[in-house]
Amino acid sequence: MTTYFVSGTDTDCGKTLVTTGLLRLAAQNGLETVGLKPIAAGCEVNDGVYHNADALMIQQAMTAPLDYQDVNPVALLPPIAPHIAAAEIGMTVTISQLRALLQPGLSYPADLILVEGAGGWLVPLNDSEFLTDLAGVLQMPIILVVGMKLGCLNHALLTQARIEQAGLVVAGWVANQVDPMMSRPAENLATLQQHMHGQFLGYIPHLKGDDDTERALDAVAYLKLPPL
Ligand SMILES: Nc1ncnc2c1ncn2[C@@H]1O[C@H](COP(=O)(O)OP(=O)(O)OP(=O)(O)O)[C@@H](O)[C@H]1O
Ligand SMILES: [Mg+2]
């Protein structure tokens with residue numbers, strides 16, 4: 001069983017696109033997969049039950065038949081920083097709680113488990129912990145999604161430096177062309193290739209699909225599986 005934590009250079013950089021893409025690619029290769037979204041802020045409410053779009057996409061892309069609550073144990077309503085959304089309803093979420101809530105998923109006998117973070121690397125979980133401390137306590141290697149746009153070199157290298165400072169490893173990274181108008185994408189990609197550690201898992205061009213699901217399906221063709 002191999003578990004990776006999928007983080008990125010920022011919110012909206014393509015973490016869900018890459019997470020679901022890798023889960024589908026693994027399934028196409030006959031592997032059993034689990035995808036997890038420990039905490040999600042930004043939900044739809046149906047009959048009083050909260051569902052987050054990322055978690056639903058992950059649940060659809062993975063092979064294990066886990067319940068929604070096992071995929072996304074903490075679902076918060078407003079699309080804002082998770083610790084602020086939690087505080088607004090008098091809730092404090094901790095790493096040890098998340099770890100316990102994720103047990104069904106983390107202990108599922110899968111070949112590949114992907115855990116999608118929220119936002120970028122240093123997203124606070126509460127007053128003293130960051131969400132990515134979860135990767136630290138579970139010693140998960142990181143897959144870093146670089147959202148290709150002006151400024152992404154600084155974002156990518158700062159994030160990688162912080163990950164390594166925390167004693168973790170960037171095992172793989174993906175360059176994802178979120179901004180179709182970015183100047184000199186090839187030169188920027190070459191610079192990333194010079195500086196990023198871990199395996200290059202692919203360059204995803206700007207995708208033309210009509211919605212998130214279509215783009216997520218299109219992304220599979222551009223990805224390579226991380227070491228298993
Ligand atoms: N290469 C691409 N081409 C076109 N659209 C893209 C591309 N990558 C991502 N997108 C779109 O950008 C949006 C953000 O992508 P995604 O949801 O994967 O980001 P995220 O990092 O998971 O965001 P969050 O921080 O909210 O979890 C989505 O609508 C997605 O379909
Ligand atoms: Mg996401």
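## Around ligand 1, and two loop residues

Of the 19 residues around ligand 1, those that come nearest are Thr 11, Lys 15, Thr 16, Leu 17 and Leu 207. Two elements, helix 1 (15–28) and helix 10 (212–219), each give two or more residues to this shell. Helix 1 gives the most, with three residues. Please keep in mind as you look around that this is a predicted model.

What mix of residue classes makes up the shell around ligand 1? Polar residues account for eight, nonpolar residues for six and charged residues for five.

Now for the backbone. Asp 12 has a positive phi, near 65°, and is not a glycine. You will find Asp 12 in the loop between strand 1 (2–8) and helix 1. Gln 139 also belongs in this part of the tour, as a non-glycine residue with a positive phi of about 50°. Its loop runs between helix 7 (133–137) and strand 8 (142–147).

Are these two residues buried or exposed? Asp 12 counts as exposed because it has 12 C-beta neighbours inside 10 Å, and a residue is exposed at 12 or fewer. Gln 139 has 11 other C-beta atoms within 10 Å, so it is exposed as well.

Here are the two loop residues side by side:

| Residue | Phi | Loop between | C-beta atoms and distance |
|---|---|---|---|
| Asp 12 | near 65° | strand 1 (2–8) and helix 1 | 12 inside 10 Å |
| Gln 139 | about 50° | helix 7 (133–137) and strand 8 (142–147) | 11 within 10 Å |

Conventions
Residues are numbered from 1 along each chain as its sequence is written. Chains are lettered from A and ligands numbered from 1 in the order in which they are written. This is a predicted model: local features need pLDDT of at least 70, side-chain atom pairs count only at pLDDT 80 or more; totals for chains, interfaces and linings use all residues. A residue is near a molecule or strand if its C-beta atom, placed from the backbone, lies within 6 Å of it. Helices (H or I, at least four residues) and strands (E, at least two) are DSSP runs, numbered from the N terminus. Ala, Val, Leu, Ile, Met, Phe, Trp, Tyr, Cys and Pro count as nonpolar, Asp, Glu, Lys and Arg as charged, and the others, Gly among them, as polar. A residue is buried if 20 or more other C-beta atoms lie within 10 Å of its own, exposed if 12 or fewer, and partly exposed in between; C-beta atoms are placed from the backbone.
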